[in-house]
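Hi everyone, thanks for coming. I'd like to walk you through one model today, so please have a look at it on the screen.

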Amino acid sequence: MADVTLELMFGVLKSVQARLAQVDGKVDELKQEMQASRTSQNGIRQEITSVFQEISGIHATLVRHEGRLDRIEKRLELTDAPTL
């Protein structure tokens, strides 16, 4: 079996340290990308919520107008008679 010297062990440990530093750098990059994705996702969620609220407002307006139109038609006796 080959003799293991301190110099050989230090050399291996240095290469392990260098690789670990690279891994740390990649993990930091991934954390930044994930944070950017979360920020983007939150922005999209806010936009969707805004669109939903706008559509809800439009729906409420249409329901109100439909009710008013029904009352006007009844008052003016404009209801369609079913044809046979």
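Let's begin with charge: Arg64, Arg68, Arg71 and Arg75 together form a positive patch on the surface. Keep in mind as we go that this is a predicted model. Take arginine 68 from that group, which sits in helix α1. Is arginine 68 buried, partly exposed or exposed? Its relative accessibility is 49%, and because exposed means over 50%, arginine 68 counts as partly exposed.

Now for the opposite sign. There is also a patch of negative charge on the surface, where Asp24, Asp28, Glu29 and Glu33 gather. Aspartate 24 has its place in helix α1, which covers residues 6-76. With a relative accessible area of 44%, aspartate 24 is partly exposed.

What about the charges of the chain as a whole? The protein chain has 11 positive and 13 negative charges, and the mean positions of the two sets lie 6 Å apart.

Let's step back to the overall fold. The secondary structure comes to 1 helix and 0 strands. Along the principal axes, the C-alpha atoms fill a box of roughly 105 × 30 × 10 Å. The radius of gyration is 35 Å, whereas a compact globule of 84 residues would have one near 12 Å.

And how much of the chain is buried? Buried residues make up 0% of the 84 residues. The accessible surface comes to about 8,400 Å², and carbon and sulfur atoms account for 60% of that.

That's my tour, and I'm happy to take questions.

Methods. Residues are numbered from 1 along each chain as its sequence is written. This is a predicted model: local features need pLDDT of at least 70, side-chain atom pairs count only at pLDDT 80 or more; totals for chains, interfaces and linings use all residues. Side-chain values use heavy atoms; hydrogens and water are left out. Patches are made of residues with over 30% relative accessible area and no salt bridge: like charges are joined within 9 Å, nonpolar side chains (Val, Leu, Ile, Met, Phe, Trp, Tyr) within 5 Å. Accessible areas come from the Shrake-Rupley method with a 1.4 Å probe; for residues, only the protein chains shown count as cover. A salt bridge is a side-chain nitrogen of Lys or Arg within 4 Å of a carboxyl oxygen of Asp or Glu. Lys and Arg count as positive and Asp and Glu as negative; His and the chain ends are not counted. The place of a charge is taken as NZ of Lys, CZ of Arg, CG of Asp or CD of Glu. Helices (H or I, at least four residues) and strands (E, at least two) are DSSP runs, numbered from the N terminus. Buried means under 20% relative accessible area, exposed over 50%, partly exposed in between (1.4 Å probe, protein chains only). The radius of gyration is taken over C-alpha atoms; the globule rule is 2.2 Å times the number of residues to the power 0.38.
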